[in-house]
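Colleague: I am new to this structure and would like to learn how to read it. Could you take me through the ring pairs and the backbone angles?

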Amino acid sequence: MKQVKIIITNQKGGVGKSTIASNLAGYFSAHHHKKISFIDFDRQASGATLIKKIHDPNIGVYKKELFFKQGSNWSLMEARQALNTYSVGVDIVIADLTWTFGLPYDFLLDFDLIIVPSSDTSLEVASTEIFVLEYIQKNMDKLRLINQAVVVVPSRIDPSQSEIPKFSGLDFLTNCSVSPPIYRIPGIDRYYEEGFLCTSADPVIAENFLNLGNFIYEKLESLSTLFVPIKKITPNLLTKHPINRTASKIIEQPKTLVSTRVNQTQPKSQASPSKEFSFIPKFLRRGKE
Ligand SMILES: Nc1ncnc2c1ncn2[C@@H]1O[C@H](COP(=O)(O)OP(=O)(O)O)[C@@H](O)[C@H]1O
Ligand SMILES: [Mg+2]
């Protein structure tokens, strides 16, 4: 697997971002022996603190607090610089960031995978959907050129609950999926004494975090086969689709784009536009089931 960059983000505090981010780092280390950089962009740096307690030599922990200046791209430059610096020599980069609109959405484009933890209250489900949809809407043209997925993680879900939130407002997006849920674990902190939660002696907790880790791992693997980003198209393919001759031309003429999905046999991606969300381009839309 090539180096991958993952960001765990959401506008809300307390939804489990740092818990998921740090335990995902633990999963990649324990189960795949990967070398990881964990970049904590939050002032509280609870993800970094948690990992440092566990002392995993495979995980480098870095803190980078961002400062926001109105009308300036300073924070974006700082965030990008930290991302580049700490990405050197590792297999996986995991960034933990409480999203703030002081930071341009452009920063999210630097990642292969965006993980958005969300609780199951209807207000938060709606706000998560809006966050994802707005990001995609504002970056449609740029998203054509990269190979990125968004995974929503239902977090702190009551295990006795029969219905796991479905985030059906995102159903039609091909690049977006909902992972298995992370359940609410009473007294979660005491389990860290044994290490990361995917290696917990409690089989239910271990399985819960392992399921999430496996889902994310498979998603990363599928990213390199599902799409051919336009910038990597071979001359032959370009001849087949003369409209797509250069990336710059594509940006100038987004409406004339031809989908470059490798797996053309999947009819779902070729479905007609959804009236409700017609601003989303065809290549990101899932067909009607
Ligand atoms: N699945 C969970 N079950 C129980 N408590 C959790 C769970 N995930 C997180 N917590 C607790 O909730 C609080 C906030 O979690 P955290 O991961 O720091 O959220 P965020 O990074 O989104 O602010 C912490 O005290 C954490 O231990
Ligand atoms: Mg946090």
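Modeller: Start with the rings, keeping in mind that the model is predicted. A search of the whole structure finds 10 aromatic pairs.

Colleague: How is a pair such as Y62 and Y86 arranged, and what are the distance and angle?

Modeller: Planes under 30 degrees apart count as stacked. Y62 and Y86 form a stacked pair, at 4.2 Å centre to centre and 10° between the planes. This pair links distant parts of the chain, with Y62 in strand β3 (residues 59-63) and Y86 in helix α3 (residues 74-87), 24 residues apart.

Colleague: Why do Y62 and Y86 count as partly exposed?

Modeller: Partly exposed lies between the cut-offs of 20% and 50% relative accessible area. Y62 is placed there because its relative accessibility is 30%, and Y86 because its value is 24%.

Colleague: What kind of pair do Y105 and Y135 form?

Modeller: A tilted one, 5.7 Å centre to centre with 55° between the planes. Y105 sits in the loop between β4 (92-98) and β5 (113-118), while Y135 belongs to helix α4 (residues 122-138), 30 residues apart. Both Y105 and Y135 are buried. Ring pairs also join Y105 and Y135 with W99, F101 and F131 in a cluster.

Colleague: Now the backbone. Where does A45 lie, and is A45 buried or exposed?

Modeller: A45, a residue other than glycine, has a positive phi near 50°. A45 lies in the loop between β2 (36-40) and α2 (46-54). At 4% relative accessibility, A45 counts as buried.

Colleague: And what is phi of H55 near?

Modeller: Phi of H55 is near 55°, also positive in a residue other than glycine. H55 lies in the loop between α2 and β3, and is exposed, with a relative accessible area of 66%.

Notes. Residues numbered from 1 in each chain as written. Chains lettered and ligands numbered in written order. Predicted model: local features only at pLDDT ≥ 70, side-chain atom pairs only at ≥ 80, totals over all residues. Heavy atoms only, no water. Phe/Tyr/Trp six-rings, centres within 6.5 Å; stacked < 30°, edge-to-face > 60°. Helix = DSSP H or I, 4+ residues; strand = E, 2+ residues; numbered from the N terminus. Buried < 20%, exposed > 50% of the residue type's maximum accessible area, 1.4 Å probe, protein only.
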